[in-house]
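Me: I'm new to reading protein structures and would like a close look at a single part of this one. Could you pick a spot and walk me through its surroundings, step by step?

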Amino acid sequence: MPATQDVKSDVKTIAPAPADLVARACALTSTLAARAAKAEQDRRVPHETIADMQAAGLFRVFQPERWGGYEMDPATYFEIQLALAEGCMSTGWVYGVVGLHPWLMGLFDDRAAQEVWGTDDTTLICSSLMPTGTVVSAPDGFRLSGRWKFSSGSEHCGWAYLGGTPAEDGRPGDRSIFLVPRSDYEIEDTWRVSGLKATGSHDVVVKDAFVPDYRRLRWIDNFNCLGPGQAVNTSALYRWIFGQIFFRGVSTPALGALQGMLDAFLRYGSVRVARGARAVDDPSVQLVVAEVTAAIDEMKTILFRNLDNLRGFAERGERPPLRQRIAYKFHSALVGERCSVLAARLFKAAGGAGLYTDLPFGRILADITAGRQHISNQFESIGRSYGAALFGNEEQKDLML
């Protein structure tokens, strides 16, 4: 294939209105809730759920228009994710990872997009971005080997983004993301965990696969809001900050799941009687649902305010100040911590009956707690960086900002 980006796609897709797409996601919420227990048992998002999401066009939100996508605003994307996670946090989590990857493809050399979507524009991509494998330079590309963990939704995907730091000219090169087809890796069933069981976040194993130069994207370019794909994908969407989109993808599911837990608790509490007293008359129960409701509203307000501010920078072709990026990352990471604490309070308020698996409280608490463990949701270390920035130390150490 030629070195220049002259490959054209003739895919034409009529995009729905953003509100209609959000409504489609909301219409799936109760279905996902009904499937959640079986999904947890099977340790994967059901194939019919992926099919429903494909039919609704949800995976096209960030996909470039020239490849059949909608190129919609990130606020629409996160509204959809919130609705999905209300029904099943594992489904919202997989969407938050796999559904974001078409946006990243918009930054890659267009020859990579041609390989992924040239014959099937519904092809999905999974990922494991930590640089845990071995990458060595080779003529016109690189060779990858090793094991990459935590690849959510990998069973449903035909390609994978894998992180690595190549050895170039005998020294470490730039940390990068490499795009690998399903034929070049194996999926090992390793996902036996206490929460987010249905995400199917298995290991990806590669044995000496060749990756051409054009299927590599440098992290430093992501940090600087750059990518070769911008030569053909020119909308402001592809000038957003990589980290600000990606870490919200693994933060927002907890917020949606907490809303789903609150809704289930309100239904349950409206008929519950404990020791001869109605739960709705219990002041402690009244207080916890009030606090959870207010906290959800606050966290959603911050999410969409931050997205609105970031949109302005992208539209102007500017990068936000580093301190603002650090602050927004802390806002995102804090969601997991706050949701886990609030979910635990709801679980306790449910009493002994809340232990039974015909109620969703235990599963949702476990899922939110598991999501809190993601490296991008470790609010303590991220908070320390934010605190240091507030004192004037804004040294760039994190390329996921």
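Reply: Happy to! We need one term to begin with: a polar contact is a pair of N or O atoms within 3.5 Å, and within protein one of them must be able to donate a hydrogen and the other to accept it. Please keep in mind that this is a predicted model.

Let's pick Ser 201, which sits in the loop between strand E8 (185–188) and strand E9 (202–212). Is Ser 201 buried or exposed? Its relative accessibility is 3%, and the cut-off for buried is under 20%, so Ser 201 counts as buried.

Which side chains does Ser 201 meet through polar contacts? One is that of Ser 152, at 2.6 Å. Another is that of Thr 199, at 2.8 Å. If we set aside residues up to four places away in sequence, Ser 201 touches Phe 150, Ser 151, Ser 152 and Trp 191.

Follow one of those neighbours, Phe 150, which is found in strand E3. Phe 150 has a relative accessible area of 56%, and exposed means over 50%, so Phe 150 is exposed, whereas Ser 201 is buried. The backbone of Phe 150 is worth a look too: its phi is near 60°, a positive value in a residue other than glycine. For background, most residues other than glycine have a negative phi.

Now step along to the partner of this strand. Strand E3 (residues 141–151) pairs with strand E2 (residues 134–138) in the antiparallel sense, over five bridges. To find this pairing in the picture, look for Ser 137, which stands opposite Phe 142 in E3. How many residues lie between E2 and E3 in their hairpin? There are two, and in the turn you will find Asp 140 with a positive phi of about 65°.

From here we can move inward by way of Leu 144. The largest nonpolar core has 87 residues, and Leu 144 is one of those that touch the most other members, along with Leu 58, Trp 103, Leu 104 and Met 105. Leaving out residues up to four places away in sequence, what does Leu 144 touch? Its neighbours include Thr 134 and Val 135, then Leu 162, then Phe 178 and Val 180, and also Val 206, Ala 209 and Val 211. Another core lies apart from this one; it has 33 residues, among them Ala 254, Ala 264, Ile 364 and Leu 365.

Two of the neighbours of Leu 144 make a good bridge to the next stop: Leu 162 and Phe 178. Strand E4 spans residues 159–164 and strand E7 spans residues 176–181, and these two pair in the antiparallel sense over six bridges. Trp 159 stands opposite Pro 181 in E7, which gives you a marker for that pairing.

In what order do the strands of this open sheet run? Four strands take part, in the order E1-E4-E7-E10, and the pairing is mixed. At the edges are strand E1 (125–128) and strand E10 (216–218), each of which pairs on one side only. On average, neighbouring strands in this sheet are turned by 25° against each other, direction ignored.

Let's finish at one of those edges. Strand E1 pairs with E4 in the parallel sense, over four bridges. Here Leu 162 turns up again: in E4, it is the residue opposite Ser 128. Are the residues on the faces of E1 buried or exposed? Ile 125 and Ser 127 on one side are buried, and so are Cys 126 and Ser 128 on the other, which leaves both faces of the strand covered.

To retrace the path, we began at the buried Ser 201, moved to Phe 150, which it touches, and then followed strand E3 to its antiparallel partner E2. Leu 144 took us into the largest nonpolar core, and its contact with Leu 162 led us on towards the sheet, where Leu 162 in E4 faces Ser 128.

Notes:
Residues numbered from 1 in each chain as written. Predicted model: local features only at pLDDT ≥ 70, side-chain atom pairs only at ≥ 80, totals over all residues. Heavy atoms only, no water. Pairing = 2+ DSSP bridges. Axes fitted to C-alpha atoms, helices over the stretch in contact; angles between N-to-C directions. Buried < 20%, exposed > 50% of the residue type's maximum accessible area, 1.4 Å probe, protein only. Core = buried A, V, L, I, M, F, W, Y, C linked by side-chain atoms within 4.5 Å. Contact = heavy atoms within 4.5 Å.
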